[in-house]
Structures are given as C-alpha cells and as structure tokens.
Amino acid sequence: MMLKKIRVCYSSRYYAKTHTNSMEKLTAVAEVLHGKSYIELVEPELVDVDLLKKLHEPNYVEAFIQGEKPLASAQGFKPWNEQLRDAVLSVQGGQLAAAELAFQDGISANIAQGFHHAVYERGLAYCTFNGLALVAQHFPKKKIFILDCDQHGGNGTAEFTLRLTNLFNYSIFGIPFGCAHHDRSLTHHIDKAEGSFEQYAKAIQQGFNNAIAWGADLIIYQAGMDCHQNDRFGSAWFTTELLKQRDYLVFSLAKQNNLPLMFVLAGGYQPLAELVPLHVNTFDAAYEVYAEAVS
C-alpha cells in the first residue's frame, strides 16, 4: 500500500506559556505542519493520571497535579499553572496514542518533548514525566527501544531500564548529563568540537544493530535539535544538512528493517524562527522515506 499521510498526535492543549519556549514550540511546529498535505493531525486524550502514578512516585505525581510546591516545579517550569498541567497530561496522552499509530502504520509522531530526564522520584531539566518509559509500561508485552538523539544523555530513561524489563535506552549525546551505562542502557558520546557525522552515523547503525538483536517491537526516536551547531548546547560540526542526513538515516534503517517507529521533537533551544524549520525537516524526511510503497 501507499503511505499517503503520516498520522501525528497534537492538541491545542499542548501549548503552555513558560519562561522558555519549550512548550510554545510544539504549537509553532504544529502550525507549520497543518499546511502540509502529508500530515494528518490526531488529537489525543489526556493521559490517565493513575498510569503516571504507576510509573512515577505517586506523591510526586499528585503534587504536580495539585500544583504543590516544590515538587510541582521540580522540572524547572515556574510558576506552575493549570495550563502547564493540562499540556503535560495531553502530551503524555499523545505518547500512548502515537505508539498505537506506529504499530498500525509503521511510522507516527507526537509533537512533543520533555521526557528523558525525568526520574522515578521527580521531574528534571524541563522533563516532568518520562513519556518514553510510559510507553514501555503501557505495552508490557512489547519491547520498546529508545533511540535518543538529543544532545543531552537520557539519564532518566537509563534509570527506568532498571525498572522496566521491556525498555532499552540507546543514547547518543554530546553532553552526558549523568546518563548511565547499564545492560539495556548504552551510551555513545560524540565530542562537540572534535566529533564528526561519520562517528554519529556509525553510532546510529550500531543502535539499530542492538535493536534488531534485542528483538525490538517499536523504536521511539528522540529527534533532538539541540545538537545543531547554532544551539547553545550544540556541536560545532553538526550543520542543518547533517541533521537532515541523520533523520534520513534513522527512518531508512527503520523502514528497511520493518521496525515500527514513532518520533518526538526532543530538545532545541534556538529562537523559534530558527528552531521550528529544523524540527519540520524531520517530518519532511519521514515522509520522503515512507512515501514509497510500504508493506
């Protein structure tokens, strides 16, 4: 059959005004994608809070829901408000919906970020709940492989691999951020100044080798843009064109190996005018790879 559209989870509830543009960028990307003929936006429901209380320390989850200080702002968004709460719950609902779509279509996305630093006890670094681990919890009979290409190591997801036996974290980063190496949490550091795309591409290929050997049922691709050379956290050698090549490589390997894949935006800290086109490039690359006949 022909893949005519990529189904992408998004709700206007995703928007929240914060002291960063981390949540605002979700709506900015969605507004561009709304004009793309190959995108079908799908509105998810809010996640069931009980699912979050099974994933995270229940007192932390309740503190966030109720806006109780200091835990409600543990991830760094201040001040807490109901708009932020509903945005986070909507984004997490989108994670589960997008995973379902990936199993159906082979490719899907959630216009979301803010997952991989959240640990069991609390949020951290603009990540409130770990929506990557949430997918593994929700699909216990599926092996969920995280291909994390954010510039920062996915320390929270690495910790959750010790709690969820069907979760595998594979993190390629320029900034370790405490991301630990475990049996199902592998780390690849690519130097911000001296690294190269050749090293990065090799790490991606090794990631897929691990996913295939493990028998992964779903890849969740953290398509971070904070490694871009103009980002304040970025790698000097990582150009816009090379980021496009990264995306093409990931999507091509997933398709060639018949591995369902869902992707999320992950990090990016440039002004929205520069950042949004970088994220939109990922959706363009996905469609260009998957628009051909798929089985």
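**Charges**

I started with the charged side chains of this predicted model. I counted 24 positive and 31 negative side chains in the protein chain. I then looked up the centres of the two sets, and they lie 2 Å apart.

**Overall form**

I went through the secondary structure next and found 9 helices and 8 strands in the protein chain. The radius of gyration is 17 Å, close to the 19 Å that the globule rule gives for 295 residues, so I noted the chain as being as compact as a globular protein of that length. I took the spans of the C-alpha trace along its principal axes, which come to about 45 × 40 × 40 Å.

I checked burial and surface. Of the 295 residues, 59% count as buried. The exposed area of the chain is about 11600 Å², and 51% of it is supplied by carbon and sulfur atoms. I also looked at contacts between residues at least 6 apart in sequence; 71% of these join residues at least 24 apart.

**The nonpolar core**

Which residues touch the most other members of the largest nonpolar core? I found Ile-111, Leu-147, Phe-251, Leu-261 and Phe-283, out of 99 residues in that core. Helix H4, residues 82-105, gives the largest share of this core, with 10 residues.

I picked Leu-261 from that group for its contacts. Setting aside neighbours within four places in sequence, I listed Ala-102, Gly-106, Ile-107 and Ser-108 among them. Leu-261 also contacts Leu-218, Ile-219 and Tyr-221. The rest of my list for Leu-261 reads Val-250, Phe-251, Ala-254 and Tyr-290.

**Helix H5 and what surrounds it**

I looked at H5, which runs over residues 131-138. H5 is mostly covered, with 7 of its 8 residues buried. I wrote these down as Gly-131, Leu-132, Ala-133, Leu-134, Val-135, Ala-136 and Gln-137. What do the buried residues of H5 pack against? I found helices H2 (49-55), H4 and H6, together with strands E4, E5 (167-173) and E7 (218-222).

After H5 I moved to Lys-141, in the loop between H5 and strand E4 (144-148). Is Lys-141 buried or exposed? Its relative accessible area is 81%, which is over the 50% cut-off, so I entered Lys-141 as exposed. I also noted the C-alpha separation of Lys-141 and Asn-166, which is 7.5 Å although they are 25 residues apart along the chain.

Thr-157, in helix H6 (residues 155-160), gave the opposite entry. Its relative accessible area is 0%, under the 20% cut-off, so I put Thr-157 down as buried. Beyond the neighbours within four places in sequence, I found Thr-157 in contact with His-116, Asn-130, Leu-132, Ile-146, Leu-167 and Asn-169. Of these contacts, I had already listed Leu-132 as a buried residue of H5.

**Glu-57**

I found Glu-57 in the loop between H2 and helix H3 (58-66). Glu-57 counts as partly exposed, at 24% relative accessibility. The C-alpha atoms of Glu-57 and Glu-121 are separated by 5.2 Å, and the two residues are 64 residues apart along the chain. Not counting residues up to four places away in sequence, Glu-57 touches Tyr-120 and Glu-121.

**Backbone entries**

I kept the backbone geometry for last. Most residues other than glycine have a negative phi, and most peptide bonds are trans, so I recorded the exceptions.

Where did I find cis peptide bonds? One joins Lys-69 and Pro-70, with omega about -5°. Another joins Lys-78 and Pro-79, also with omega about -5°. I placed Pro-70 in the loop between H3 and H4, and Pro-79 is in the loop between H3 and H4 as well.

For positive phi I looked at Asn-258, which has a value of about 55° although it is not a glycine. Asn-258 lies in the loop between helix H8 (240-256) and strand E8 (261-264). At 59% relative accessibility, I entered Asn-258 as exposed.

Ala-266 is another residue other than glycine with a positive phi, near 60°. I found Ala-266 in the loop between E8 and helix H9 (272-290). Is Ala-266 buried or exposed? I entered Ala-266 as buried, with a relative accessible area of 4%.

Terms used. Residues numbered from 1 in each chain as written. Predicted model: local features only at pLDDT ≥ 70, side-chain atom pairs only at ≥ 80, totals over all residues. Heavy atoms only, no water. Helix = DSSP H or I, 4+ residues; strand = E, 2+ residues; numbered from the N terminus. Rg over C-alpha atoms; globule rule 2.2 N^0.38 Å. Buried < 20%, exposed > 50% of the residue type's maximum accessible area, 1.4 Å probe, protein only. Contact = heavy atoms within 4.5 Å. Areas by Shrake-Rupley, 256 points an atom, 1.4 Å probe, with all protein chains shown as cover. Lys, Arg positive; Asp, Glu negative; His and termini not counted. Charge placed at Lys NZ, Arg CZ, Asp CG, Glu CD. Core = buried A, V, L, I, M, F, W, Y, C linked by side-chain atoms within 4.5 Å.
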